[in-house]
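Me: Please take a close look at the salt bridges of this model, and work outwards from them to whatever their residues lead to. I would like one connected account, with the cut-offs stated as you go.

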Amino acid sequence: MEKRVHSATPEAERIVEWSEEHKIETCFDRAEKLKPCPIGKEGACCKVCHMGPCRLVGKNAEEEARGVCGATLPTVAARNMLRMIAAGTSAHSDHARGMVETLLAVANGEAKDFKITDVRKLYRVAGYLSIEFEGRPVNDVARDVALRFLEDFGRQRGGEINYATRAPKKTLERWRKWGIVPRSIDREVVEAMHRTNIGVDHEPDHILLHGLKTALADGWGGCMISTDITDILFGTPQPVKAEASFGIFKEDEVNLVVHGHEPLLAEMIVDVVSEPELIAYAKTKGAKGINLGGMCCTANEILMRHSIPTAGGFTNQELGIMTGLIDAMTVDVQCIMPAITEISKKFHTKIITTNYRAKIQGAEHIEFEEHHAKDVARKIVRVAIDNFQNRTTKGSHITDKFPVIAGFSHEYIEYMQGGRWRGSFRPLNDAIMAGRIRGVVGLAGCDNPRVPATGLHKFLATELIKNDVLIVSTGCGSAACGTAGYLTPEMALENAGPGLREVCEAIGIPPILHLGACVDNSRILTIASAMAAEGGLSDEIGGMPAVGIAPEWMSEKAIAIGCYFAASGVPVIFGGESPVEASTEVTKIMTEVWFERFRGALHFEPDPEKILELALDYIDKARAALKLKKYEPGKFGTEKVLMDMAARREIEKAAKPHIGL
Ligand code: NFS
């Protein structure tokens, strides 16, 4: 029998092998054992009331199958889709709410451990919100910004979310025409749950339009608010060099991992781990120091801003514990496998839940509280230090790690193309118009243990840059690129097509730009809007030679993201099977109908070669419709220029000064 490979990165694979030898079960084993329910997996199961669950299956199910109430298969599939969008939207947006509340507390002088780090970004945001900032005290501006954002969660009397107007005019017009400009985040989520309740909304297209409205509340609401406030509080990212993979853990230091999504506590831990008292305390326990690492999206947040190394994405959380080197792992919300407490019992690792919303059996709970943020952070670090002496030699002790360059914010990319005062997107637009860059792909989403380790992220990343497609990446997609070692300019430039390489070398950016966590997909929206405003390409987001790809998605959050990109005008391709595959009508709405109305779409395509083909086809068709120069492979730049020391120094130099974006 052919041996099953689980992970695309050899380091992860070695730990999986170690776990098999030691009979420790991981998500990879469970994914193999637990086959998906064939009815639920394609969206044909309805369990919104207790007359069911109803299975809408059989020959001609699309036309003939009915639930007890008479619901058809397209109704059921569309409702299932809307509920996924609503759940994903709530997750990002509840995270955003926490950020807004903290900004308000800072402005009111109630959260002393936090401060406004990036005043320039605060003013920029105030400008978007038409809030006066010239000559006013910073805290007053911050308070107004926070209060204005709070309205976006619960505006009760119609209206539109604040950031809808950051979209190009034409994109906004399309939304208005189809009635999908969100009023407020909570309102759309509540309405989504109401509509999908037994006996309410039954028309698939109507249900899915509300899906887009809810998703837009996520993208242009929750995600964008979260990104902006995180930048205001902790700094707008600019390129940094860090490391990725399991080799980031140190044998002779206390290893503390922050895993989850909200950056508030993680930022406090970043601050306190360098306090002399804590380092001295670690030394009394025999450790040489304190080593902080990240996991999942929290990792991306602190990697982008402080070069804290990352142990990787979603499927690395159990494997990280099996190195035997993690003394404590804090977890807050989202994408935390409850299995980690079970695995941690076999090692010495302490799992600490920190969010009031989320507890796990078997974990210690130390609740984060913004008014005493650093005290909580110190308490957690002490737990990790105290546990250092319990470390044994047990574990797989992997030592490999890779350098990564991350930290490409919208503002930094703009700055790279003209400096602080004349930053623009002109060079990028020109390069696309001239065919040096064929198009742009957002490579995002999760890593999924059900996906056999074909290295989808790696395959798509290398093929796309080879085809002169610039990549912007976020979330665990970025982590997958980083832990596989190709988030370095050297590696990526070596594989990039000549046109893309030439442009990247001229602007000083690598061909794969790590933009941050999943909420930072909002940076892609604003970059696309800026490119539309710059002129020469499409005057709206729709019609750009741009595609979104999430090859290994698994979370409902990914579905919400895919839908807000589709509504914004970006064709999106998800890997794996469609969660609503059972209904041809729903599939048609999400692809053809949405494309006609919004110039975006949501496809599901399990075959990676076909994903690539479809993406390039969308890009080429968009180029043709915009009457851009036909892309000709290999036309530009004949010589293969690898990153030399001088160029590398340039990038490092660029990464150093804080440009106060
Ligand atoms: Ni995104 Fe981040 Fe990763 Fe997927 Fe989960 S960590 S918010 S949902 S698994 S990319």
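Reply: A residue is called buried here when its relative accessible area is under 20%, exposed when it is over 50%, and partly exposed in between, with a 1.4 Å probe and only protein chains counted. The model is predicted, and therefore local features need pLDDT of at least 70 and side-chain atom pairs count only at pLDDT 80 or more, whereas totals for chains, interfaces and linings use all residues. Residues are numbered from 1 along each chain as its sequence is written, and side-chain values use heavy atoms, with hydrogens and water left out.

A salt bridge, taken as a side-chain nitrogen of Lys or Arg within 4 Å of a carboxyl oxygen of Asp or Glu, occurs 46 times in the structure. One of them joins R599 to E540, with 2.9 Å between the closest N and O atoms. This pair links distant parts of the chain, since R599 sits in the loop between α25 (584-598) and β15 (601-604) and E540 in the loop between α23 (521-534) and β13 (546-550), 59 residues apart; helices (H or I, at least four residues) and strands (E, at least two) are DSSP runs numbered from the N terminus. E540 counts as buried because its relative accessibility is 1%, while R599, at 28%, counts as partly exposed.

R155 takes part in two of these contacts, meeting D152 with closest N and O atoms 2.9 Å apart and E151 at 3.8 Å, N to O. The surroundings of these three residues can be set out in turn: D152 is buried at a relative accessible area of 1%, R155 is also buried, at 16%, and E151 is partly exposed at 40%.

A network of salt bridges links K121, R166, D228, D231, E301, R305, E411, D520 and R523. Of these network members, E301 and R305 are among the buried residues of helix α12. Ten of the eleven residues of α12 (residues 296-306) are buried, so this helix is largely enclosed by the rest of the structure. After α12 comes S307, which has a positive phi, near 60 degrees.

Helix α12 also leads to the ligand, because C296 and C297, both buried in this helix, belong to the residues around the ligand, which also include H261, F314, C335, G445, C446, C476, C518, M554, S555 and K557; a residue is near a molecule if one of its heavy atoms lies within 4 Å of it. By class this shell holds eight nonpolar, three polar and one charged residues, where Ala, Val, Leu, Ile, Met, Phe, Trp, Tyr, Cys and Pro count as nonpolar, Asp, Glu, Lys and Arg as charged, and the others, Gly among them, as polar. Domain 2 (246-390) and domain 3 (408-644) both contribute to the shell, so the ligand lies between them; the domain bounds come from an automatic or database domain assignment.

A further helix with much of its length covered is α19 (residues 456-466), in which eight of eleven residues are buried, including L456, H457, L460 and E463. Just after α19, D468 takes a positive phi of about 65 degrees.
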